[in-house]
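Thank you for making the time this morning. I would like to walk through one structure with you, going from its charged contacts to its cysteines and then to one of its helices.

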Amino acid sequence: MGSYALIKQALLAKQPIRAWYKGQPREMCPHVLGWKHGRPHGLFYQFGGGTNSGGLPQWRCMNIEELSRVEIVNGAWHTSTGHSRPQTCVDDIDAEVTL
């Protein structure tokens, strides 16, 4: 199963994933999945792992093609109500968590 399909499965089941992105291991929960400028993108709530910018937890917009070693893991679902702006990470939404 490809990365996109695994992430979509995790999103629909509200399960966290573990993956590598830009040289860092990431622990995060996918919230929105779809396409931006014709490329697969996702909006994630990163709660663990490494980061190249900012602290954690943090909302992250990621190009799915740049994720590697994606796996669904058992654990608690993480989210935040601390954002007040509409997401701009994904233009054409395929799947989205409803809170």
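Let me begin with a question: with which residue does Asp94 form a salt bridge? Before I answer, please keep in mind that what you see is a predicted model. The partner is Lys8, and the closest N and O atoms of the two side chains are 3.3 Å apart. This pair links distant parts of the chain, since Asp94 sits in strand 6 and Lys8 in helix 1, with their positions 86 residues apart in the sequence. Asp94 is partly exposed, at a relative accessible area of 36%, and Lys8 is likewise classed as partly exposed, at 27%.

That pair belongs to a set of four salt bridges found by a search of the whole structure, and I will describe two others. In one of them, the side chains of Lys36 and Asp91 meet with an N to O distance of 3.6 Å. Because Lys36 lies in strand 2 and Asp91 in the loop between strand 5 and strand 6, this salt bridge ties together parts of the chain that are 55 residues apart in sequence. Asp91 counts as exposed, with 52% relative accessibility, the cut-off for that class being over 50%.

In the other, Glu65 and Arg39 form a salt bridge at 3.0 Å, again from N to O. Here too distant parts of the chain are linked, with Glu65 in the loop between strand 4 and strand 5, Arg39 in strand 3, and 26 residues separating them. Glu65 is partly exposed at 49% relative accessible area, and Arg39, at 44%, is also partly exposed.

Now to the cysteines. How many disulfides does a search of the whole structure find? It finds one, and the residues that form this disulfide are Cys61 and Cys89, whose sulfur atoms are 2.1 Å apart. The torsion about their S-S bond is about 85 degrees, and the disulfide is therefore right-handed. Cys61 belongs to strand 4, which covers residues 58-63, whereas Cys89 is in the loop between strand 5 and strand 6, so that the bond links distant parts of the chain, 28 residues apart. The two ends differ in their surroundings: Cys61 is partly exposed, with a relative accessible area of 42%, while Cys89 is buried, at 4%.

What, then, of Cys29? Cys29 takes part in no disulfide, and the nearest cysteine sulfur, which belongs to Cys89, is 15 Å away. Cys29 is also buried, with a relative accessibility of 0%.

Finally, let me return to helix 1, which runs over residues 3-13 and has Tyr4, Leu6, Ile7, Ala10 and Leu11 as its buried residues. Why do these residues lie on the same side of helix 1? They cover an arc of only 165 degrees around the axis, and that places them on the same side. As for what this buried set packs against, its partners are strand 1 (17-21), strand 2 (24-36), strand 3 (39-49), strand 5 (67-72) and strand 6 (92-96). Strand 6 is therefore a packing partner of the buried residues of helix 1 and, through Asp94, is also linked to helix 1 by the salt bridge to Lys8. Just after the helix comes Lys14, which has a positive phi, near 55 degrees.

Technical notes. Residues numbered from 1 in each chain as written. Predicted model: local features only at pLDDT ≥ 70, side-chain atom pairs only at ≥ 80, totals over all residues. Heavy atoms only, no water. Buried < 20%, exposed > 50% of the residue type's maximum accessible area, 1.4 Å probe, protein only. Helix = DSSP H or I, 4+ residues; strand = E, 2+ residues; numbered from the N terminus. Arc of directions from axis to C-beta. Contact = heavy atoms within 4.5 Å. Disulfide = S-S within 2.5 Å.
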